[in-house]
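Work through the exercises below with the sequence and the model at hand, and try each task before reading its solution.

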Amino acid sequence: MRDTEGPRARLAEAMPPAWRAAFLAVPRHAFIPDTVWVRRGGRPVALHRRHDPDAWLAACYADEPLAVQLDDGDGSGRGYVTSSASMPTTVALMLDAAHLRPGHRVLEIGTGTGFNAALIAWRVGAAATTTVEIDPGLAQRARAALNAAGWPVEVVTGDGTRGHAPGAPYDRVVSTAAVHRVPYAWVAQTAPGGRVVTP
Ligand SMILES: C[S@@+](CC[C@H](N)C(=O)[O-])C[C@H]1O[C@@H](n2cnc3c(N)ncnc32)[C@H](O)[C@@H]1O
């Protein structure tokens with residue numbers, strides 16, 4: 001059994017103070033797929049958990065983004081990153097900007113691995129957290145990881161630019177999927193005085 005507590009503590013230490021406990025409590029490696037791609041020399045290089053468990057674990061707790069899907073998973077080898085686990089400091093800065101408080105209802109757009117949803121659930125509770133992912137395979141994988149890790153948030157498969165009306169209103173909408181314009185659905189589904197955070 002490899003030591004995950006040391007790397008986890010070192011990563012948590014680099015986070016904004018309000019989110020250190022969350023990064024200690026939520027094991028990032030439990031959300032990261034067995035194959036990821038890291039950028040080395042300008043191109044994605046694969047790391048396989050089975051072939052190189054030490055490098056894979058180090059990548060899980062490094063402050064860098066990890067590509068978790070290429071080319072929508074079609075195996076074409078074109079090499080376009082279609083889903084990534086965001087860089088941990090970016091995740092923490094966005095969560096900080098969201099000013100999450102216990103009692104808030106939160107909608108996340110772009111579930112990806114489910115790690116960010118677990119951090120949100122750590123703060124506001126799994127029952128108050130909903131996350132939307134457009135890719136059915138990623139949504140299914142994240143749902144399983146969130147359940148296994150003990151944060152059974154609702155994972156909706158769909159286009160997050162429409163928000164998720166059945167759970168509205170939300171106190172916070174946090175999107176980890178980039179958009180050119182803030183979709184009006186996010187504003188309409190946010191309670192008065194709420195906040196929308198998006199890259
Ligand atoms: C940067 S990754 C998300 C990282 C994720 N929050 C995590 O903790 O691993 C962005 C994700 O948004 C998803 N996405 C892109 N467009 C979307 C949309 N319109 N609706 C929902 N999800 C979308 C992508 O499939 C991808 O998984």
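The exercises that follow deal with the ligand, its surroundings and two backbone features.

The model is predicted, so local features need pLDDT of at least 70 and side-chain atom pairs count only at pLDDT 80 or more, while totals for chains, interfaces and linings use all residues. Residues are numbered from 1 along each chain as its sequence is written, and side-chain values use heavy atoms, with hydrogens and water left out.

**Exercise 1.** Describe the shell around the ligand by its residues and their classes.

Solution. Start with the residues that have a heavy atom within 4 Å of the ligand: there are 22, and the closest are S83, G110, T113, E133 and G160. Next, sort the shell by class, which gives six nonpolar, 13 polar and three charged residues; here Ala, Val, Leu, Ile, Met, Phe, Trp, Tyr, Cys and Pro count as nonpolar, Asp, Glu, Lys and Arg as charged, and the others, Gly among them, as polar.

**Exercise 2.** Find which atoms of E108, G110 and T113 lie close to N or O atoms of the ligand.

Solution. Look for pairs of N or O atoms within 3.5 Å. A polar side-chain atom of E108 is 3.0 Å from a ligand nitrogen, and a backbone N or O atom of G110 is 2.9 Å from a ligand nitrogen. For T113, a polar side-chain atom lies 2.6 Å from a ligand oxygen. Then turn to the cover: of the 610 Å² of accessible area that the ligand has on its own, the protein covers 85% (Shrake-Rupley method, 1.4 Å probe).

**Exercise 3.** Locate the cis peptide bond and the positive phi.

Solution. The peptide bond from A168 to P169 is cis, with omega near 5°, and P169 belongs to the loop between β7 (154-157) and β8 (170-175). D72, a residue other than glycine, has a positive phi near 55° and is placed in the loop between β3 (66-70) and β4. Strands are DSSP runs (E, at least two residues), numbered from the N terminus.

Methods: A polar contact is a pair of N or O atoms within 3.5 Å; within protein, one must be able to donate a hydrogen and the other to accept it, and residues adjacent in sequence count only if both atoms are side-chain atoms. Helices (H or I, at least four residues) and strands (E, at least two) are DSSP runs, numbered from the N terminus.
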